[in-house]
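Here are some quick notes on the aromatic side chains, for when you have the model open. Keep in mind that it is a predicted model.

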Amino acid sequence: MLPGEQANAPAAAGGPEGLPGAAEGPLRHAIRLPPRPGHPVAWPDWVPGTVVDALCRAGVRAPWSHQASGAELAHGGRDVVVATGTASGKSLVYQLPVLSRFAEDPRATALYLSPTKALAADQLRSLAALGLEGVRPAAFDGDTPIDERDWARRHARWIFSNPDMLHRSLLPRHGRWAAFLRRLSFVVLDECHTYRGVFGSHVALLLRRLLRIAERYGARPTLVLASATVAEPAAFAGRLTGRDVVAITEDGSPSAGRTVALWEPPLLPELVGENGAPVRRPAGAESARMLADLVIEGARTLAFVRSRRGAEVTALGAQRAVAEVDPGLVARIAAYRGGYLPEERRALESALARGELLGVATTNALELGVDIAGLDAVVVAGFPGTRASFWQQAGRAGRARDEALVVLVARDDPLDTYLVHHPRALLGAPVESCVLDPANPYVLAPHLVCAAAELPLTERDVETVFGGEPAGAVLDELVDDGVLRRRPAGWFWPSTREQPAASVDIRGSGLGQVALVEAETGRMLGTVDAASAPATAHPGAVYLHRGESYVVDSLDLEVGVALVRADAPDWRTDARSTSDVEIVAVRSHQDLGAVQVCFGDTRVTSQVVAYQRRAPDGAVLETVPLDMPAQTLDTRAVWYTVDEQALAEAGIRTARIPGALHAAEHAAIGLLPLFAICDRWDIGGLSTALHPQTGMPTVFVHDGHPGGAGLAERGHGVLGDWLAATRSAIRDCECRAGCPSCVQSPKCGNGNAPLDKAGAIRVLDVVLAALRAPQT
C-alpha cells in the first residue's frame, strides 16, 4: 500500500484480485475488482411519509448506509461532506434533510450550487420528477430568462445555481434576496472536488461572503457537500467552507464487478519525434480501435477523450473501422461533447440509454451529472488527470450488469507511464489532495472589495471570516491604493452605483484574458489566458479552434486582443522561451547534507524569444525570432539543491548536470498531478546547473498562478513520495534516451534539450537517499 493510502478505495473495495507483473505487449496489467454488495438501512424516522413515498415511486426502496448517515448529520445541523464512489447516490444525502425541513417549515429555503449548468439542470429535473408539493425548485443561471429569474427570487424555495451567478448576481443584489436568505436552511455544494486551485480559492472566499451575508439576515445554513473520493475530504471541505465538516467515506452502495486493464500503446519504430525520441501509437487512435472492436462485439461502450476535437476524431475512426466489418453499425457510433445544442445532447443521451447507440466517444461532459447506466465498457484515452475523474468515468460501466470492462490507454506522458506500470497507485485510495489557498492575496483582494461593496467590512469580519492578519494586510494596501475607504466602523466601497463583482473573474488566472478575433469578420473565436498568450498566440502562431486552423497576425497584450486569419499551413508552431527564477523569501528549509530542500516565495521572469515551424513529422523547418515583452509572475515554489560533489560521486560529470536536472524537472512536473489534483499546465519549473542565489545545481517547481495555488506547497509536503514516483516513471519507460512518456515536456521552452534520462535517475537517487536518511 502506498503512503497515504486507505483500504476503502472507491472502486477497489473488496480488494483487487491479483496484481500481475508487467506483461509483454501493450497490456501491462489486468485486475479484476470483485462486486461489492450494498448495505441498505431503514428510512430515518424523521423523514416524512410523503417524501418516502415519492422516493419509493422513483425506485429508491431504501437508503444505503452512507446516505442515511450523511442525511442524519445534516438533519441534526452538522456540516457534512459525503465522498463516495460514482453512482453511490450522494444526492439523497441532501435531498432527505432539505425535503424534510421543507415539510416541517413551509418558509424554509435551500441553495444548490454546482460547477456546471448541466449538472444543476439534471439535479433539478430529478427533484421535479418526485412530484412533491410545495418544494418550488427553480434554476437560476446564465440561461435563465429574466422573467423566470424574477419568479425564482420571489417564489422559489430551492434555487439551483452555480458559483458564477452567486458571485455576479445574487450577492451584489442581496437586498432583493432578503426573504430567501433570511430563511436559508441548507447550502448544497455538489461535486465540490472541482473547486480546487485558483478557482477553488475563489469559491472558498465566495462561500465566506455568502455565509457572512446569510448571517446578516439571521440565517446559519447547514452545509452539505458531495465529492468524488479525494484524500482527507473533511480537511478539504473545511478549507473550502471555513467550517468544521464531518466526512462520510464508507460507501454502502453496491458495485458491479469490473476488470481494469492498463494498456500502453506500443512504440512505432517508423516514426521519430523531437530530438530523435521514439513515438508511441496515439492514445486516441488506439481508443478508436478499441471502441470499434467493442461495438462489433455488441458491448455498449463510452470512450472518454481529452478534447472536443478528439471526441469527433475518435468517433470517426471507430465508424471507419466498423464500416469494414458491418456497415450497419456505423450509425450506432457517435460523438458527444460540449458545444452541442441542448436538444442534440439530450437526443444522444436518450439514444445511449435506450441502447440505440452502442458506442460514444465523449469528453468529460458525460463524466458528471448525466445518469447513463448499464454500460458494458469504458475506454479512457489518457489518464484524465485525477483518480477522482478516472473513477467517475470508470463508474459509468457496470451498473446494471454483473461484470464490466474498463481500459486505461496511456498517453505519451510521465504520469500515464507511471500508472500503467504501478496499478496500486491507481487502485489504492486517493493520494491526491484538492489544494486551494484562500489567503492568496491575488485572490483575496478582489473578494474583500466585493464583500465591502455588499456590506461594509468590520474588524470581526476580517478576523473570523476572511482569515485575520493576511486579510488585514491586503485591506491596508486596498486603502492605500484608494480602492476602499477606512472608517472607524470598518472598510467601505466608495461607490453606490458600481458593483466590483462584474470585473472579478472567479474562473480566471488573475492575469486577464486575451480575445482571439478573426480580422476579416471581427468575430471573436475565444480567449486565452494573458499569461499563456505569448507562447500560444504570438504573431505567426498556428492556432486551432474547434478543429479549424488559424494563423495569428498580431498580438496586443495591453489591449488584450490577438488578430487571426483562417489558414491551414502544413506546419505547426512551437514557442521558444527563456526563464529565470528569483528566490524572494524562504518559508521552509531542510538541510539534508548534500541536499537542501526549500519552499517559499519566488519571482518567475519568462520571455518568448522565438518560435519554430515544424513539419508534421516534427522536423524543424525554420526558427523565427520574436520580440515579446518579458512577463513576471510572483508565485510560490518548491526547490532542491544538490551538491556537485555528490553528483560526481553518483557518476554525473559536470557536462551532464544540465541535462540530468532538466529531465528530472520535466518528469517531476508530469507526476505532481498524482499527489495534488491539478494539470501539468498549472505548474512550471526551472533547472540550472548553477543558480546565482543558491550557488548550486538547483531544480524549481512552481505554481503557474499569481500568489500560488497551493500546488508547490503540496509537492513540498509529499516530496519523498512524489520524487520516488517520478524516478519510477523514468525508469519504467522503455525508451532508451528519453521521450514524451518520461522526460520530454510538451511545453518546454528549450525544445526539450538538453535531456539526460539516465542522469535524471541518478539525480533522484541522490535526493531520495538524502530524504530517507535519518536526520540528526
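**Notes on the aromatic rings**

1. Start with Tyr 112 and Phe 160: both are buried. Ten aromatic pairs turn up in the structure. Tyr 112 and Phe 160 make one of them, a tilted pair with 4.9 Å from centre to centre and 35° between the planes. Along the chain the two partners are distant, 48 residues apart, with Tyr 112 in strand 3 (residues 109-113) and Phe 160 in strand 5 (residues 158-161).

2. That pair has company. Tyr 112 and Phe 160 belong to one aromatic cluster together with Tyr 94, Phe 102 and Trp 158, so it's worth showing those five side chains in one view when you look at this region.

3. Next, have a look at Trp 639 and Phe 700. Their ring centres are 5.5 Å apart and the planes meet at 35°, so this pair counts as tilted, because that class covers angles that are neither under 30 degrees nor over 60. Trp 639 sits in strand 27 (residues 631-642) and Phe 700 in strand 29 (residues 698-703), so the pair ties together parts of the sequence 61 residues apart. Buried or exposed, these two? Both Trp 639 and Phe 700 are buried.

4. Finally, two arginines placed over rings. Arg 486 lies over the face of Trp 491, 3.9 Å from the ring centre. Arg 216 does likewise with its sequence neighbour Tyr 217, at 5.7 Å from the ring centre.

Terms used:
Residues are numbered from 1 along each chain as its sequence is written. This is a predicted model: local features need pLDDT of at least 70, side-chain atom pairs count only at pLDDT 80 or more; totals for chains, interfaces and linings use all residues. Side-chain values use heavy atoms; hydrogens and water are left out. Rings of Phe, Tyr and Trp (its six-membered ring) pair if their centres lie within 6.5 Å; planes under 30 degrees apart count as stacked, over 60 as edge-to-face and the rest as tilted. Helices (H or I, at least four residues) and strands (E, at least two) are DSSP runs, numbered from the N terminus. Buried means under 20% relative accessible area, exposed over 50%, partly exposed in between (1.4 Å probe, protein chains only). A charge sits over a ring if NZ of Lys or CZ of Arg is within 6 Å of the ring centre and within 35 degrees of the ring normal.
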